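Biologist: I am new to reading protein models. Could you walk me through this one, feature by feature?

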Amino acid sequence: MERLEALLRCPECGSEIILDELAVCAGGHRYPIVGGIPVFLDETMIASDPQYAAQRAYFDSEFRGYQRYVLENWRLAYLDRLRTADVLEDPASPLVDVGVGGSGYTVIEAARGGRPAIGCDLSLEGLLIAREFARLEGVAERTLWVCCSAEKLPLASASTGSALAIAVLEHVPDDQAALRELARVLQPGGRACVATKRRRSSRRQGQTGSSLSTCSSPGTRSRSSNSPARVSAIASGGGANGETGGAGTCAAGACSSALSSNVPRPRW
Ligand SMILES: C[S@@+](CC[C@H](N)C(=O)[O-])C[C@H]1O[C@@H](n2cnc3c(N)ncnc32)[C@H](O)[C@@H]1O
Ligand SMILES: [Zn+2]
């Protein structure tokens, strides 16, 4: 756990963070800790787009209903695909899941496999539940839960070997910033896995079904190169028609095989 906490950085000034009663950076910025979870949300940014409040309200309410840790078939299918892509269980480096959700299943299963793992989310309610599930599943000491926005991760650059964003980017107002953050926190040779709904009809609605893309950060060879131009365009801020839906959206620099398939999942 100490090792994971050492990866925290102030989202305002980038300094190291000490966790005590508050999370405090060397530059004097202070953040609350609620139920063991440091909260790094920038409320000015949150207020800048009603989508944040809508997301928080929707998912807080959704996750409040989670009573037990359950791996439904669609979660098992994602876990299989993450294992196949070699991004779940490498104990040599931490995993980060951005928009981890209230079950925390990726982080919990990575930790069960011996890997230190960090779950980030906008929903504090979801994180509190996921953290409790991690405790009940006996893996809490290999996990860290952090309340933040995907566009401003309070993590050191090049701190993770695997960065996930599953069914998240379609909910984030500035998806390009979120992709740049995924790229920033990846170590050289690390891999990002991004899944979005298949088609983005609007930011607030979309079709069910999703595709999962894995990308290697510069320094590794990818298994194939489906859409590196599109990926690089997004990573560098150029965008790809401003859209994030479908395979091939990744920030890490070199896109590998798009592991597309239909994974039935709830209507979010
Ligand atoms: C559809 S759920 C997916 C949860 C999880 N990844 C999964 O596959 O079960 C979307 C998640 O993104 C989170 N989220 C939405 N906007 C976010 C943002 N700007 N930054 C971080 N997380 C966000 C929500 O709170 C929610 O947990
Ligand atoms: Zn600071």
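Modeller: Gladly! Let's begin with helix 3, which has 15 residues and spans 21 Å from its first C-alpha to its last, close to the 21 Å expected at 1.5 Å a residue. Keep in mind that this is a predicted model.

Biologist: Which residues of helix 3 are buried?

Modeller: In helix 3 the buried ones are Gln51, Tyr52, Gln55, Phe59, Asp60 and Phe63. Viewed down the axis of helix 3, these buried residues fall within an arc of 150 degrees, so they line one face of the helix.

Biologist: And what covers the buried residues of helix 3?

Modeller: Their cover includes helix 2 (residues 43-47) and helix 6.

Biologist: Then let's turn to helix 6. How many residues does helix 6 have, and how far does it reach?

Modeller: Helix 6 runs over residues 124-136, which makes 13 residues. From first C-alpha to last, helix 6 reaches 18 Å, close to the 18 Å expected at 1.5 Å a residue. Its buried residues are Gly126, Leu127, Ile129, Ala130, Phe133 and Ala134. Those residues cover an arc of only 165 degrees around the axis, which puts them on the same side of helix 6.

Biologist: What lies over that side of helix 6?

Modeller: The buried residues of helix 6 are covered by several elements, including helix 3 (50-64), helix 5 (105-112), strand 4 (37-38), strand 6 (117-121) and strand 7 (143-147). Just past the end of helix 6, look for Gly138, which takes a positive phi of about 80 degrees.

Biologist: You mentioned helix 5. How many of the residues of helix 5 are buried?

Modeller: Seven of the eight residues of helix 5 are buried, so helix 5 is largely enclosed by the rest of the structure. They are Tyr105, Thr106, Val107, Ile108, Glu109, Ala110 and Ala111. The buried residues of helix 5 pack against helix 4 (73-84), helix 6, strand 5 (95-98), strand 6, strand 7 and strand 8. Just after helix 5 comes Gly114, with a positive phi of about 100 degrees.

Biologist: Which residues other than glycine have a positive phi?

Modeller: Here are two to look at. Asp86 has a phi near 65 degrees, a positive value in a residue other than glycine. Ala167 has a positive phi of about 55 degrees, although it is not a glycine.

Biologist: Where do they sit, and is each one buried or exposed?

Modeller: Asp86 lies in the loop between helix 4 and strand 5. With a relative accessibility of 53%, Asp86 counts as exposed, because the cut-off is over 50%. Ala167 belongs to the loop between strand 8 and helix 7 (175-185). At 12% relative accessibility Ala167 counts as buried, because that label means under 20%.

Biologist: What about the metal? Which residues hold the zinc ion (ligand 2) as donors?

Modeller: The first step is to look for the protein atoms that serve as donors. For the zinc ion (ligand 2) they are the SG atoms of Cys10, Cys13 and Cys25 and the ND1 atom of His29, lying 2.1 to 2.3 Å from the ion. Along the sequence, these donor residues are spaced C-x2-C-x11-C-x3-H.

Biologist: What is the geometry of that site?

Modeller: For four tetrahedral donors, the ideal angle at a metal is 109.5 degrees. At the zinc ion (ligand 2), the angles among the four donor atoms are 106 to 115 degrees, and the site is tetrahedral. Two of the donor residues also show how accessibility can be read: Cys25 is buried, with a relative accessible area of 5%, whereas His29 is partly exposed at 29%.

Biologist: Can a loop residue be read in the way you read the helices?

Modeller: Let's try Ser159, in the loop between strand 7 and strand 8 (160-166). Ser159 is buried, with a relative accessible area of 5%. Leaving out residues up to four places away in sequence, Ser159 touches Leu7, Pro94, Val185 and Gln187.

Biologist: To finish, what does the protein look like as a whole?

Modeller: The protein has eight helices and 11 strands. Of its 268 residues, 54% count as buried. Among contacts between residues at least 6 apart in sequence, 69% join residues at least 24 apart. Its accessible surface comes to about 11200 Å², with 49% belonging to carbon and sulfur atoms.

How values were computed
Residues are numbered from 1 along each chain as its sequence is written. Chains are lettered from A and ligands numbered from 1 in the order in which they are written. This is a predicted model: local features need pLDDT of at least 70, side-chain atom pairs count only at pLDDT 80 or more; totals for chains, interfaces and linings use all residues. Side-chain values use heavy atoms; hydrogens and water are left out. Donors are N, O and S atoms within 2.8 Å of the metal (3.2 Å for Na, K and Ca); water is not among the atoms, so sites may look incomplete. Four donors count as tetrahedral if all angles lie between 85 and 135 degrees; four count as square planar and six as octahedral if opposite donors are over 155 degrees apart and all others between 65 and 115; anything else is irregular. Buried means under 20% relative accessible area, exposed over 50%, partly exposed in between (1.4 Å probe, protein chains only). Helices (H or I, at least four residues) and strands (E, at least two) are DSSP runs, numbered from the N terminus. The expected span of a helix is 1.5 Å times one less than its number of residues. The arc is that of the directions from the helix axis to the C-beta atoms. Contact means heavy atoms within 4.5 Å. Accessible areas come from the Shrake-Rupley method with a 1.4 Å probe; for residues, only the protein chains shown count as cover.
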